[in-house]
Amino acid sequence: MEKLMITAAITGSRNTRMQTPYIPVLPEEIAQSGIEAWEAGASVLHIHARDPKTGLGTQDRSIFEEIVSRIRGQTDAVICLTTSGIPGRNLPIEERFQPLSLKPEMVSFDAGSMNMGEIFFHNPPEFLEALAEKIKTLRIKPELEVFDVGMIDNCQRYLEKGLLEAPLHFQFVLGAPGGSPANVKSLLYLSEIVPSGSTWSMGGIGASQLSMAMVAMVMGGHARVGLEDNIYYSKGVLAKNNAELVGRVVRIAREFGREVATPQEARRILSLP
Ligand code: ZN
């Protein structure tokens, strides 16, 4: 089996200090948590920035810049910056594109719009097509975030149109409100219908995070864990940091006999330029 690539989703844009005191919010906290996750074995860091005043997500370039420069200074991790904007708000395309100017190796590409419970997640065709064009020019690899099965069809269409380039990398984010459930049947189906030659990683929301990472590990896929998707270490026990969540997956992989990829190995697995 290919080595296991672990992505750490450091903070997201929505979990608050009211929910957990351990969520990183300030730029230095987000960077530090990413560095610790890398030390624990994460090869890819999926990063959102937070507005220090509101504590919620922002696409502000200067905040991303502070986080990225700290992480680049201390790690060789593959940096994947979000383009998802602020949940429930339809931000102008240019605002969502701000992190691209930092030339990360990867950015998130949320492959369709959806109702996430009370929140509308805006990813209309004009946004996705503009994003695909832009990252093709900048040679940035998309992390194709798939919350529901139809989003794979959207990616397939962009691949056929030449907007996306093979090999594709899918990040299944399952168990979100309004999306595909986080279970083995969902993952089997999704992993079977991605274009051949694609790589995929599984990120379960909430309590499914650990079990679905283990399923992905056995299936030969890759895994995403972290406080963006799940704030608990075990039932009723908050995770104190991202490194705890990454470290557990590393230990299980070692027991199972699947080696964990370094960032350089992750670059090869992802066919990064
Ligand atoms: Zn994210």
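This passage describes the fold, the salt bridges and selected local features of a predicted model of one protein chain.

The secondary structure of the chain comprises nine helices and 14 strands. The radius of gyration is 17 Å, close to the 19 Å that the globule rule gives for 273 residues, so the chain is as compact as a globular protein of that length. The C-alpha trace spans about 45 × 45 × 35 Å along its principal axes. Of the 273 residues, 54% are buried. Contacts were also sorted by sequence separation. Among those between residues at least 6 apart, 73% join residues at least 24 apart.

The chain exposes about 11,400 Å² of surface. Carbon and sulfur atoms supply 52% of that area. The chain carries 27 positive and 31 negative charges. The mean positions of the two sets are 2 Å apart.

Salt bridges were searched for across the whole structure, and 13 were found. One of them pairs K3 with E259, with the closest N and O atoms 3.5 Å apart. K3 lies in the segment before β1 (6–9), and E259 lies in the loop between α8 (242–256) and α9 (263–269), so the bridge ties together parts that are 256 residues apart in sequence. K3 is partly exposed, at 22% relative accessible area. E259 has a relative accessibility of 52% and counts as exposed, because the cut-off for that class is over 50%.

R224 takes part in two further pairings. With E143 it forms a salt bridge of 3.4 Å, N to O. This pair links distant parts of the chain, with R224 in strand β12 (residues 222–225) and E143 in strand β9 (residues 141–146), 81 residues apart. Both R224 and E143 are buried. R224 also meets D229 in a salt bridge, at 2.8 Å from N to O. The relative accessible area of R224 is 1%. D229 has a relative accessibility of 6% and is likewise buried. These residues belong to a wider set: E143, E145, R224, E228 and D229 are linked in a network of salt bridges.

Y158 was examined next. This residue lies in helix α5 (residues 150–160). Y158 counts as buried, because its relative accessibility is 7% and the cut-off is under 20%. Beyond its neighbours within four places in sequence, Y158 is in contact with F109, P125, L128, E129, L163 and L164. For one of these partners, E129, the C-alpha atom is separated from that of Y158 by 7.9 Å. Y158 and E129 are 29 residues apart along the chain.

Backbone geometry was also inspected. The peptide bond from A166 to P167 is cis, with omega near -5°. P167 lies in the loop between α5 and β10 (169–174). Positive phi values occur at K103 and at S271, neither of which is glycine. For K103, phi is near 50°. K103 lies in the loop between α3 (93–96) and β6 (106–110). The relative accessibility of K103 is 62%, and the residue counts as exposed. For S271, phi is near 55°. S271 lies in the segment after α9. S271 counts as partly exposed, at 41% relative accessibility.

Key:
Residues numbered from 1 in each chain as written. Predicted model: local features only at pLDDT ≥ 70, side-chain atom pairs only at ≥ 80, totals over all residues. Heavy atoms only, no water. Helix = DSSP H or I, 4+ residues; strand = E, 2+ residues; numbered from the N terminus. Rg over C-alpha atoms; globule rule 2.2 N^0.38 Å. Buried < 20%, exposed > 50% of the residue type's maximum accessible area, 1.4 Å probe, protein only. Contact = heavy atoms within 4.5 Å. Areas by Shrake-Rupley, 256 points an atom, 1.4 Å probe, with all protein chains shown as cover. Lys, Arg positive; Asp, Glu negative; His and termini not counted. Charge placed at Lys NZ, Arg CZ, Asp CG, Glu CD. Salt bridge = Lys/Arg side-chain N within 4 Å of Asp/Glu carboxyl O.
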